[in-house]
Amino acid sequence: MKTRKVCTIIMVFMAVVLIVGAVVWANTPERKAFRFVDQHSTELSEILDNEQPIPVTLSGKHYNNWDAEHPMDEFILHTWGNTYYGCYYSPDDVPLAFQNYNVSLIADGKDCWQWSVQGDNQGITKKIADKWYYFEASF
């Protein structure tokens, strides 16, 4: 009888840990960026390609346009201390560093690149879909 209670308690505890883990994983900045692109990429791609203003319905998202050889439309979706997370639209479908900073990207696996500059300034970019990328940048 005691063994059954202990097993039940362990199983309930493991189920709670799995549920909490799944909720935490689903709400990571990377997953949020993937959901943002999934929900808005069609509409935003058309708007950005036609140089129209970003809709008010996306208020609360910090938007920047960075012009350079390869332009970028950046959406900062989350910040944590000196780390920024979000996604960007690259009309040329070229991976870029945070804020289109002119720095070399180093391939790190499939559709993933890293960059770093002076001190602890570093980041990554990952391809989400055609012309859409996830980014993390720490300073």
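**Exercise 1. The span of α2**

What does α2 span between its end C-alpha atoms, and what would a straight helix of 21 residues span?

Solution. The model is predicted.
Step 1: at 1.5 Å a residue, a straight helix of 21 residues would span 30 Å.
Step 2: between its end C-alpha atoms, α2 spans only 26 Å.
Step 3: look for a bend; α2 has one of about 65 degrees at H40.
Step 4: go past the end of the helix, where E51 follows α2 with a positive phi near 55 degrees.

**Exercise 2. The sheet and its edges**

Give the strand order of the open sheet and find which strands stand at its edges.

Solution.
Step 1: the seven strands have the order β1-β2-β3-β7-β6-β5-β4, with antiparallel pairing.
Step 2: β1 (62–66) and β4 (106–107) each have a single partner strand, so they are the edges, and one side of each lacks a neighbour in the sheet.

**Exercise 3. Strand pairs and bridge partners**

Follow the pairing from β1 through β2 to β3, then treat β6 and β7.

Solution.
Step 1: β1 and β2 run antiparallel and are joined by five bridges. They form a hairpin with five residues between them. In this pair N64 stands opposite E74 of β2.
Step 2: E74 also has a bridge partner in β3, namely Y88. β2 and β3 pair in the antiparallel sense over seven bridges. Their hairpin has two residues between the strands, and G81 in the turn has a positive phi of about 60 degrees.
Step 3: β6 (residues 122–129) and β7 (residues 132–138) run antiparallel, joined by seven bridges. Here Q122 has S138 in β7 as its bridge partner.

**Exercise 4. How α2 lies on the sheet**

Determine which strands α2 lies across and which of its residues are buried.

Solution.
Step 1: α2 (residues 29–49) lies across β1, β2, β3, β6 and β7, and runs at about 125 degrees to β7.
Step 2: its buried residues are A33, F36, V37, H40, S41, L44, S45, I47 and L48.
Step 3: these buried residues pack against β1, β2, β3, β6 and β7.
Step 4: for the spacing, recall that an α-helix has 3.6 residues a turn, so residues three or four places apart point the same way.
Step 5: H40, the site of the bend, is among the buried residues.

**Exercise 5. The surroundings of Y84**

Is Y84 buried, partly exposed or exposed?

Solution.
Step 1: Y84 is found in β3.
Step 2: its relative accessible area is 28%, so Y84 is partly exposed.
Step 3: among the residues Y84 touches beyond four places in sequence are I76, H78, F135 and E136.
Step 4: E136 is 52 residues from Y84 in sequence, yet their C-alpha atoms are 5.6 Å apart.

Methods: Residues numbered from 1 in each chain as written. Predicted model: local features only at pLDDT ≥ 70, side-chain atom pairs only at ≥ 80, totals over all residues. Heavy atoms only, no water. Pairing = 2+ DSSP bridges. Helix = DSSP H or I, 4+ residues; strand = E, 2+ residues; numbered from the N terminus. Contact = heavy atoms within 4.5 Å. Axes fitted to C-alpha atoms, helices over the stretch in contact; angles between N-to-C directions. Buried < 20%, exposed > 50% of the residue type's maximum accessible area, 1.4 Å probe, protein only. Expected span 1.5 Å × (residues − 1). Bend = angle between axes of the 7 residues up to and from the residue.
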